[in-house]
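The following exercises concern a predicted model. Each one sets a task and then works through the solution in steps.

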Amino acid sequence: MQANRGDVNVKQITLTPIKFSSVALEFDELIPDEIYSWSKEDFEKYEVPVGNSRFPLTDYYDIEVEGEAQSPEEVKMIIDGDAGRVKYIGGKMGAGEIIVNGDADLQAGAEMEGGSLTINGNAESYCGREMRGGEITVMGNVREYAGTSYIGEWRGMSGGKLTIHGNAGKQLADAMSGGEIHVMGNCDILAGIHMTKGFIQIDGDVTRWPGGQMKNGAIVINGRLERLLEGFELDAIVTDPEVEGRQFTGKYIKYIGDIGVNGKGTLLLNAEKNRHHL
Amino acid sequence: MEYILKNGIVYDPINEINGEKKDVMFKDGKIVNSVSDSAKVIDVTDKLVMPAGIDVHCHLAGPKLCVGRLYRPEDERRGVKPKTDITRAETGFSIPNCPATGYRFSRMGYGTVVEAAVPPLEAKHTHEEIIAIPNIDIPPLTLFGNNWFIMQFAKEGRIDDIAAFVSAWLKITKGYGVKIVNPCGSEAWGWGMNVHGIDDPAPYWDVTAREVIRALAQANEMLGLPHSIHVHPNDLGHPGNFPTTINSIDCMKDIKKNSEYRNQTIHLTHAQFHCYDGTSWRDVTSGVEPVADYINKHDHVTADMGQVTLDETTTMTADGPMEYDLYELTGLKWANKDIELETASGLVPFIYSGRNPVHSLQWAIGLELALMIEDPWKICLTTDSPNAGPFIRYPRVMSWLMSYQRRAEMMDNKEVHAWAGRKSALGTLDREYDFYDIATITRAGPSKIYGFEDRGHLGAGAIADIAVYDLEPNNFDPTRNAAAVEKAFSNALYTIKDGQVLVKDGEIVKIVSSKHVRTEVEGFEDEEKRILEEIMPFFNRYYTIKFENYVVHDHYAEPSSVYKVNASK
Amino acid sequence: MAYEPPVTDYDEIVENCTCAFCGSNCDDVDILVKDNHVVGVRHACRLGASKIMEDEDQRLTVPMIRDENGELMEVDWDTALDRAAELIAGAVRPVFYGWSETSIEAMKPGLELTELVGAVIDNQATICHGPTVQAVQNVGYPLMTLGEVKNRADMVVYTGSNPMNAHPRHLARYTTFPKGFFRKRGRFDRTLVTWDPKYSDTAKLSDIWIPFEENGDYGFCNAIRAVLKGKELKQDFISGIPKEDIVALTEKMKNTQFGALFFGLGLTHTLSKQRNIDIAIQLVQDLNKYTKWVLLPMRGHFNVNGFNIFMAYEMGFPYGVDFCRGYPRYMIGETTTIDLLNRKECDVFMVIAADPGAHFPGGALAHLVDIPVIQIDIHWGPSTELADVVLPGTFIGVETAGTSYRMDSVPIYMKKAIDPPETCREDEWIVNELLQRVKKIKEASK
C-alpha cells in the first residue's frame with residue numbers, strides 16, 4: 001500500500017519497539033537523508049550504535065517499510081512507541097518527516113536543517129540544539145537546553161521553528177541567533193540567555209530572569225513573570241504590539257536589555273499579569 | 001638501515017641545489033653521500049623533494065594553547081576524526097589536540113616546529129604537551145621581554161648579568177632561544193595598561209622597550225646563542241605602528257653578531273601585524289613599503305610573515321593588552337593569563353573574512369611582505385598559527401606566493417574586499433615564488449635563522465628529515481594551478497623524519513616521539529651560579545613556588561636534542 | 001586545639017614537598033621521615049598535614065575481589081588485574097571516573113585505555129567546577145597565577161567559597177596576608193571582601209561582607225553590571241542587598257588598582273549554576289575597562305585542574321569525554337558521569353583516586369550498587385564498599401612522584417618522600433597493566 005501525503009508519494013518506515021535498552025541507542029544515522037533508499041532488508045542488516053558497540057536494529061524494533069522514495073522528502077519514519085532511550089532522533093536531518101509516538105531522548109532534532117519532527121510525548125534535554133531549519137513539535141514537555149547552542153558556541157539556533165505544547169526547562173535557547181521558539185506552557189529560568197536574534201514566545205508563567213545577557217532578538221511572555229533582571233530598562237507600555245512580524249493583542253510592558261551587555265533586545269510582558277513589575 | 005630516495009627533483013637551497021634530478025641517501029637517520037647496494041630504494045622519480053619543513057614561529061604547545069582548547073569546544077569539534085590502528089583521535093581546527101597537531105604537521109612534510117612563547121613558570125606544561133605531540137621536533141622559545149629581573153638589569157645596564165640569567169633560564173626552562181613580546185607592555189598589562197612605542201617606560205620599572213631589546217640582544221650575542229633574539233615588537237595590530245617596528249629593529253643595529261651560521265641579530269616575527277600605516281581602522285593603509293625597504297637595506301634582521309588566511313581562528317599571544325583591545329573590538333569571549341614576574345597573555349576567537357575590508361588588507365599586507373622583501377633568505381612563511389590562521393593553511397599561502405594569477409583572481413572576483421587592492425600595492429606585485437624560493441622560506445632560511453646546522457638541508461651529516469610531494473616540477477606550472485599546489489603540499493607523498501617514513505601518500509604510517517630541541521650554554525656556569533645566588537632571596541619572596549619545583553626536570557624533556565653553545569668562543 | 005610538642009625523632013627532612021590535598025598545591029611542605037614512615041609534617045595546614053600523615057588503619061594494602069558471598073577477599077595482583085581487565089573489555093558503556101588525586105603520568109595510560117575500549121572518561125569537575133568550565137567556554141577566562149595577586153592585588157573578593165576552612169593557606173600564602181612586591185604591608189594594603197549568604201570564617205576576616213540571599217548570585221552580578229553601565233537601580237533590594245550597598249561596592253571595585261575574584265561551589269551549585277559564573281566572568285571583563293581585574297575558581301583536589309588541562313591538550317575537551325563512537329564527544333548532561341549513572345546507562349564503572357561513594361547523589365549510587373565497580377585508591381572508603389575489584393595504589397606526592405596542576409594551572413612536579421608499601425603498586429603501573437591486559441583480550445577476540 002502506498003501511503004500518501006498531499007500529492008507527494010511517501011515511503012513509510014515504521015519502527016515498533018520490542019526491546020528496551022537502558023544504554024541509549026543513537027539514531028543519528030537513521031535520518032531520511034540517509035535511509036530514503038533503504039529496503040526492509042537494508043534496515044534488517046543495519047546495526048545501530050549502542051554504547052561502544054553496534055547491535056542489529058532488529059534486536060530492538062520490528063521494522064515495516066511501505067512504498068518507495070526517490071528523495072529524503074518522500075520519507076515518513078514513525079517510531080511507534082517510547083523512544084525515551086533513543087538519542088539524536090532526527091539529528092542533522094535535512095528533509096522528510098519523523099514522528100515519535102512517545103518520549104524522545106537527548107538531542108532530538110539537534111542540528112536539524114529541514115523537514116519535520118513530531119514528538120507525541122516529552123523530549124529530553126538538547127531538543128532542537130543548533131537547529132537551522134525545519135520544524136519540531138513536542139506535544140509534551142522539554143527539559144533543559146531546548147533550542148540551545150553547543151557549549152562555547154556563541155552562534156546558537158539560527159532557523160526553523162520549535163513548538164513546545166508543554167513546559168520548557170532551564171536555559172531555553174542559549175545564544176539563539178535566529179528562528180522561532182513557542183512554549184505554550186511554563187518556562188524555567190534564563191530563557192533566551194545570550195540571545196542575539198530570533199523570537200521566543202512563552203504563553204505560560206516564567207520563574208525568573210528571561211533574557212539574561214541578551215544582545216538582541218525578542219521574547220514575549222503572556223503569563224506571569226516572577227523576577228526581572230535589573231539589566232532591563234522599561235521602555236513603554238504598548239498596546240497590540242507587532243513583534244518580529246507577529247501581531248499580539250492587548251497591553252504589554254516593553255523592556256529593552258540586557259544593558260549589562262549594551263543589549264537592544266526586546267522583552268514584552270503581558271501587562272495584565274505583570275502589574276507587580278510596574 | 002640504509003635508504004636511497006631515487007630520482008627525485010631536489011630543491012636544497014643551502015647546498016644550492018635547484019631542481020636537480022638526483023638521489024638522496026640516508027643511513028641510520030642521517031644524510032650520507034653513499035650507501036651500499038643493500039640500501040632500500042624508494043622510487044620518487046620526477047617528484048618534488050625538499051628537506052622537511054621548518055616552522056619558525058607557531059603556537060602549538062603550552063598553557064595558552066591549553067586555555068584555547070579548554071574554552072573553545074566549538075573549535076575542537078571541527079576536525080574531529082576517530083582513531084585508527086595507527087593514529088589517535090583528532091580534534092580541533094585552529095587549536096587541534098596534541099596528537100592532531102603532530103599528524104597535521106607531519107602530513108604537510110614538516111619536521112621541526114618552533115613553539116614561540118614559553119612562560120618559564122609554566123614551561124613544564126609546554127614540555128608535557130611536546131611529549132603529547134608526535135612526529136615533529138619542537139624548539140621552545142622562552143619569554144624574557146617582561147621578566148622583572150631582566151627589566152631591572154636592563155635599566156641598570158647589567159648586560160653580563162642578563163647573559164648569566166638567560167643562560168640559566170634556558171637550562172631551567174629547557175628552552176632554545178630568547179623571545180621578547182611587547183617588551184614592557186605586558187608588564188604594564190599587570191595594571192591594565194600598555195606602552196606605546198619603544199621609549200614609553202613600563203610603570204614602576206621605568207625601563208623602556210628600547211633598553212630591554214638592546215640588553216637582551218647584547219646578552220644573546222655575548223652567549224653566542226644559535227638563534228638571535230626573536231621579537232614581537234610593541235603596538236601589534238595598531239594602525240600607524242610601522243615606525244615602532246622599524247625603531248625596534250633599528251635601535252639595536254650596532255650590536256655585533258656572534259654566530260657563524262646565522263646572519264641576523266634580530267628576528268621580527270609575524271611582521272604582517274606590525275606593518276600598518278594610518279591613524280585608525282578607518283584610514284589604515286599598508287605600511288609594508290618602508291619596513292620592507294629597511295629590511296632590504298639591512299642584513300641584521302630577518303622576518304616572518306604572519307599571513308592572514310581568512311579563516312575563523314583563535315588569537316593568542318603574550319601581548320595581554322592587545323588581546324583585550326581585540327575583545328573590545330569583537331565582543332567575543334576573552335581569556336587572559338598573567339604570569340607572576342614574567343609575562344601576560346590573552347586569547348580571543350577571531351573570524352577573518354574576505355568580506356571584511358580590514359581583514360582583506362591584512363591578507364594583502366602579509367603577501368606584500370613576502371613579495372617586497374627581495375631576499376627570500378630574510379623572510380619565512382608563517383601564519384603566526386593560530387593567530388592569523390591555522391598552520392594547515394601553509395600550503396594555501398604557498399599557492400598564493402607562487403601565483404600572481406591566483407592573487408589577481410581573488411581581488412577581481414571579490415574573494416577579498418576591495419581594500420586589499422586599494423590600500424596596498426599587492427595588485428602591482430607580479431613576482432612569483434618558484435619551488436626554490438618556497439624551499440628557501442620554509443626550509444633553508446629557517447635553518448640559517450635558527451642556527452640549525454643539522455637540518456633544513458640535505459647535505460651529508462644532516463638529519464634525514466625529508467619531504468617528497470606528489471608534484472612533478474618539470475611537468476607542472478604552479479602559477480596556473482594554485483589548488484593543485486595547495487593539495488600537494490597538504491599531503492606529502494613521503495615525510496621522512498630521522499630516516500623513518502612517517503607519512504606515505506598523505507597518511508600517517510608511523511608515530512615517533514617528538515624531540516625537545518634546546519640550547520645549553522657551556523662555560524658560563526660560574527656566572528649562572530652567581531646570579532642565581534643574588535636573585536634567590538627576591539625569587540623566594542615574590543614567586544609563589546619554590547625554586548626547586550620551578551625548574552623543568554629532565555623527566556619532562558625526553559627525548560631531547562641539545563645544541564651546546566660554548567660561551568667563551 | 002591541644003598543644004602538640006614538636007617532632008624531634010626523625011631521620012631526615014624532605015623539603016619542598018607538594019601537599020596533595022587541595023588545589024592550593026602548597027609546595028613548601030617539609031616531610032619528616034623516620035624508618036620510611038612519615039612522622040611529622042611542617043608548613044602544611046591541618047587538612048594537608050592530616051592527609052600526609054599516614055593513617056595505616058584505613059590503608060588499602062592488597063588487591064581484593066568481591067566473592068559470591070559479597071565479601072572482599074584478598075587475591076594476588078594477577079588475579080585482580082585480570083578480573084578488572086575482563087570486566088572492562090566486556091563492557092558496553094564503561095565509565096572511568098576520578099583522576100583528580102593522581103598524577104598526570106597515571107592519566108596517560110588511562111586515556112589510552114579509554115580510547116581503546118570506547119569508554120567515557122571524566123573527573124570530579126563533573127560534580128564540582130564543571131559549571132565553571134561551561135561558563136568559561138561561554139564567555140571567557142580572565143585569570144592569572146596566584147603570584148600576580150600576591151604582588152599586586154589591593155582588593156580580594158571571595159564568593160561562594162570559604163577558604164579559611166576549605167583552602168586554609170590560600171589567604172596566608174597567596175592572596176591576602178603575604179607581603180607582595182607592590183603590597184609591602186601585606187594585609188594592610190588590601191581590602192578583603194566576601195560575598196556569601198553565610199557569615200563564614202572567611203567573612204569574619206573580611207573588611208566587607210555582602211550577604212546576598214541564596215540563589216541570588218545571578219541577579220546580584222547583573223545589577224553590578226547595570227550600575228557599571230550607568231543605570232540607576234530600580235528595586236530597593238536586589239538579591240537581598242540594598243541598592244545603595246551595590247552602588248558603593250561597584251564604586252570600590254572600579255577604583256581599585258588590581259582586583260581578584262575567587263569563587264567556589266557556592267556559585268557553581270546554586271539555582272543558576274554555570275550562569276552565575278558566566279555573569280561573574282563578564283563582570284570581571286567589564287571591570288577591565290576601568291582597572292585591572294582577574295578571577296580564579298577555587299579548585300578542590302590538588303589535580304582536578306590537572307585532569308582538565310590534560311584532557312584538553314590530549315583530546316581537546318576538558319572532562320566528560322565519551323569515546324563510544326571512536327571519536328571524542330563532549331556534551332554536558334549526556335557524556336557526564338552522574339547523568340550516565342542516573343540513567344542507568346553505565347555497565348562497568350572504574351573509579352581511580354576519587355570517592356564517589358561519599359560524594360555522588362543517591363540515584364547514581366543506587367546504580368553503582370547494581371554494576372561492577374573497580375576501585376583504584378589508597379584508602380578504604382565508602383567506594384570500597386561498592387567495589388568488586390580493589391586495586392591498592394600509592395600516595396602521589398608522598399610515596400610516588402608525579403605532575404599536578406595548581407588551581408591557577410601552574411604545573412608542579414610533586415616529589416616523593418618515602419617508599420610505598422611493598423604490596424601496593426603505583427597508579428600509573430596499575431592503569432598501564434589494565435591497558436596491556438585489555439589489549440590482549442581484545443586481540444585474542446579479533
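**Exercise 1.** Describe the interface of chain B and chain A, beginning with how many residue pairs are in polar contact across it.

*Solution.* Step 1: across this interface, 3 residue pairs are in polar contact, both residues of each pair being at pLDDT 80 or more. On the side of chain B that touches chain A, the elements giving two or more residues are helix H2 (73-76) and strand E17 (346-351) of chain B.

Step 2: turn to the charged pairs. Between chain B and chain A the count is 2 salt bridges. Arg77(B) forms a salt bridge with Glu130(A), and their closest N and O atoms are 2.6 Å apart.

Step 3: consider the extent of the interface. The size of an interface is often expressed as the accessible area lost when the parts come together. Here chain B and chain A bury about 700 Å² between them, with 55% of it on carbon and sulfur atoms. Of the area that chain B buries against chain A, 59% is supplied by Pro73(B), Glu74(B) and Arg77(B), more than by any other three residues. In residues, the contact takes 9 from chain B and 9 from chain A.

**Exercise 2.** Determine whether Glu399(C) is buried or exposed, and identify what its side chain meets.

*Solution.* Step 1: locate the residue. Glu399(C) lies in the loop of chain C between strand E20 (389-392) and strand E21 (402-405).

Step 2: apply the cut-off. The relative accessible area of Glu399(C) is 2%, under 20%, and therefore the residue counts as buried.

Step 3: list the partners. The side chains of Glu399(C) and Arg59(C) are joined by a polar contact of 2.7 Å. Beyond four places away in sequence, the residues that Glu399(C) touches include Thr394(C), Lys416(C) and Ile418(C).

**Exercise 3.** State which backbone oxygen the side chain of Thr519(B) reaches.

*Solution.* Step 1: Thr519(B) is placed in strand E23 (residues 516-522) of chain B. With a relative accessible area of 2%, Thr519(B) is buried.

Step 2: the side chain of Thr519(B) reaches the backbone oxygen of Tyr176(B) at 2.6 Å. Setting aside neighbours within four places in sequence, Thr519(B) is also in contact with residues including Leu170(B), Leu225(B) and Val565(B).

**Exercise 4.** Explain why Leu278(A) counts as exposed, and name the patch to which this residue belongs.

*Solution.* Step 1: Leu278(A) is found in the segment after strand E22 (265-270) of chain A.

Step 2: Leu278(A) counts as exposed because its relative accessibility is 59%, over the 50% cut-off.

Step 3: together, Leu234(A), Ile237(A) and Leu278(A) make a nonpolar surface patch of about 300 Å².

Conventions: Residues are numbered from 1 along each chain as its sequence is written. Chains are lettered from A and ligands numbered from 1 in the order in which they are written. This is a predicted model: local features need pLDDT of at least 70, side-chain atom pairs count only at pLDDT 80 or more; totals for chains, interfaces and linings use all residues. Side-chain values use heavy atoms; hydrogens and water are left out. Patches are made of residues with over 30% relative accessible area and no salt bridge: like charges are joined within 9 Å, nonpolar side chains (Val, Leu, Ile, Met, Phe, Trp, Tyr) within 5 Å. Accessible areas come from the Shrake-Rupley method with a 1.4 Å probe; for residues, only the protein chains shown count as cover. A salt bridge is a side-chain nitrogen of Lys or Arg within 4 Å of a carboxyl oxygen of Asp or Glu. Helices (H or I, at least four residues) and strands (E, at least two) are DSSP runs, numbered from the N terminus. Buried means under 20% relative accessible area, exposed over 50%, partly exposed in between (1.4 Å probe, protein chains only). A polar contact is a pair of N or O atoms within 3.5 Å; within protein, one must be able to donate a hydrogen and the other to accept it, and residues adjacent in sequence count only if both atoms are side-chain atoms. Contact means heavy atoms within 4.5 Å. Buried area is the accessible area (1.4 Å probe) that two parts lose on being put together, summed over both.
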